[in-house]
Amino acid sequence: MKARTKDKIATAVIVTLALLIVAVLAGLLGYILFRGLNHISWDFLTSAPRKIRAGGGIGPQLFNSLFLLVLTLLITVPLGLGAGIFMAEYARPGRITAFIRLIVEVLSSFPSIVVGLFGLLLIVNIFGLGFSLVSGALALTVFNLPLMVRITEQAFRSVPAQQKEAGFALGLSKWKIVTTVLFPVALPAIITGTILSAGRVFGEAAALMFTAGMSSPRLNFNDWNPLSPSSPLNPFRPAETLAVHIWKVNSEGLAPDAVQIAAGASAVLVITVLIFNLVARYMGRLIYRKLTASRRMN
């Protein structure tokens with residue numbers, strides 16, 4: 001068989017597989033959106049759910065998901081940045097560094113249900129935090145931290161070595177080079193990865209069933225005292241997130257329109273994750289252009 005013929009066959013196979021994957025993904029997204037978009041309204045997005053009667057919404061669950069995401073990022077981003085910078089710039093090659101990298105890889109491959117059971121045992125019971133937003137945020141930190149470390153490390157390693165060498169030639173200290181030379185160049189990739197990981201956290205359910213809980217107290221959105229039990233800003237209250245609510249409605253929903261509620265909530269979840277991805281791409285390009293003074297991102 002001629003080399004050109006082999007090349008055409010290989011190209012056709014690769015293109016066919018790529019189109020198949022795109023078709024499956026488009027079909028899945030289209031099915032979810034087709035079933036759920038008709039049920040989305042302002043009242044659906046802001047009203048509280050109903051256990052027996054029809055017409056409930058996802059307002060508290062949507063707020064809980066966003067609030068939990070903020071808490072998780074407040075913990076994950078500083079830890080992930082610090083660990084990623086250490087692995088990329090300060091850690092010396094050796095057994096200890098290789099062991100740390102192995103631990104990061106193992107943590108990134110943990111099933112979320114295992115992370116949830118770990119959070120139930122350690123955070124909820126031993127630490128005594130109970131089913132709460134803080135417990136869920138700490139569990140999601142274990143789930144999301146390896147990804148943040150790898151994103152930061154890869155972003156710093158992708159910076160051209162000439163820029164670091166130029167900093168040393170100017171007599172700058174290691175920390176000064178990291179903060180003023182490497183970090184601005186790596187920042188677009190870090191922000192893009194952070195937003196993408198946020199979308200992953202937003203759709204998590206298994207780990208949160210054992211840490212954040214599967215129910216929420218009645219929230220008073222006029223009470224912004226974070227110490228009040230009914231305040232939406234109280235981080236120590238149980239919180240049913242949107243992904244957990246979808247599972248709960250599908251498995252044990254008693255409302256007459258439980259199927260429609262689950263379909264609408266699923267569409268909201270998919271749209272939110274898509275928005276996270278679009279914002280990540282836009283922010284990455286925008287920051288890249290501002291830092292490099294270029295109009296096109298390679």
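**Entry 1: the largest pocket**

I looked up which element supplies the largest share of the lining of the largest pocket, and I found helix 10, with four residues. The model is predicted, so I took local features only at pLDDT of at least 70 and side-chain atom pairs only at pLDDT 80 or more, whereas totals for chains, interfaces and linings use all residues. I number residues from 1 along each chain as its sequence is written, and side-chain values rest on heavy atoms, without hydrogens and water.

Helix 10 spans 242–252, and I noted that helix 3 and helix 11 (258–292) also each give at least two residues to this lining. Helices here are DSSP runs (H or I, at least four residues) and strands likewise (E, at least two), numbered from the N terminus. I recorded about 700 Å³ of space in the largest pocket. A pocket is an open set of points on a 1 Å grid over the protein atoms alone, with protein on both sides within 12 Å along at least five of seven lines; a cavity is a set where a 1.4 Å probe fits but cannot get out; lining residues have an atom within 4 Å of a point. Volume is the space filled by probe spheres set on the points, which are joined across faces, edges and corners.

I counted 25 lining residues for the largest pocket, and those nearest its centre are Pro 49, Arg 50, Lys 51, Gln 61 and Glu 240. By class, I entered 12 nonpolar, seven polar and six charged residues for the lining of this pocket. In this scheme Ala, Val, Leu, Ile, Met, Phe, Trp, Tyr, Cys and Pro are nonpolar, Asp, Glu, Lys and Arg are charged, and the others, including Gly, are polar.

**Entry 2: the cavity**

I next searched for enclosed space and found one cavity of 30 Å³ or more. I put the volume of the largest cavity at about 40 Å³. Its lining consists of Ser 65, Leu 68, Leu 69, Leu 140, Val 201, Phe 202, Glu 204, Leu 208 and Thr 241. Helix 3 (59–90) and helix 8 (174–202) each contribute at least two of the lining residues, and helix 3 has the largest share, with three. I classed the lining of the largest cavity as six nonpolar, two polar and one charged residues.

**Entry 3: Asn 64**

Asn 64 lies in helix 3. Is Asn 64 buried or exposed? I found Asn 64 buried, at a relative accessible area of 0%; buried is under 20%, exposed over 50%, and partly exposed in between (1.4 Å probe, protein chains only). Setting aside residues up to four places away in sequence, I listed Leu 133, Ser 216, Leu 219, Arg 237, Ala 239, Glu 240 and Thr 241 as touching Asn 64. Contact requires heavy atoms within 4.5 Å. Of these, Glu 240 also appears among the residues nearest the centre of the largest pocket, and Thr 241 is in the lining of the largest cavity.

**Entry 4: Ser 132**

I located Ser 132 in the loop between helix 5 (112–126) and helix 6 (133–157). Ser 132 is buried, with 0% relative accessible area. Its side chain makes a polar contact of 3.1 Å with that of Ser 135; such a contact is a pair of N or O atoms within 3.5 Å, where within protein one must be able to donate a hydrogen and the other to accept it, and sequence-adjacent residues count only if both atoms are side-chain atoms. Beyond four places in sequence, I noted that Ser 132 is in contact with Thr 211, Ala 212, Pro 235, Phe 236, Arg 237 and Pro 238.

**Entry 5: Met 283**

Met 283 belongs to helix 11. I recorded Met 283 as partly exposed, at 28% relative accessibility. Apart from neighbours within four places in sequence, Met 283 is in contact with Ile 191 and Ile 195. Met 283 and Ile 191 are 92 residues apart along the chain, and I read 7.4 Å between their C-alpha atoms.

**Entry 6: annotations and the whole chain**

In the unreviewed UniProt entry I found "domain: ABC transmembrane type-1" over residues 62–280. UniProt positions follow the numbering used here, feature names are shortened, and annotations may be inferred rather than shown by experiment. Residues 62–280 are 73% helix and 0% strand, with end C-alpha atoms 20 Å apart. The entry also gives "transmembrane region" for several spans, among them 66–87 and 181–202. I found residues 66–87 to be 100% helix, with end C-alpha atoms 30 Å apart; for residues 181–202, also 100% helix, the separation is 32 Å.

For the protein chain I counted 11 helices and zero strands. Its C-alpha trace spans about 70 × 60 × 40 Å along the principal axes. Of its 298 residues, 39% are buried. Among contacts between residues at least 6 apart in sequence, 73% join residues at least 24 apart.
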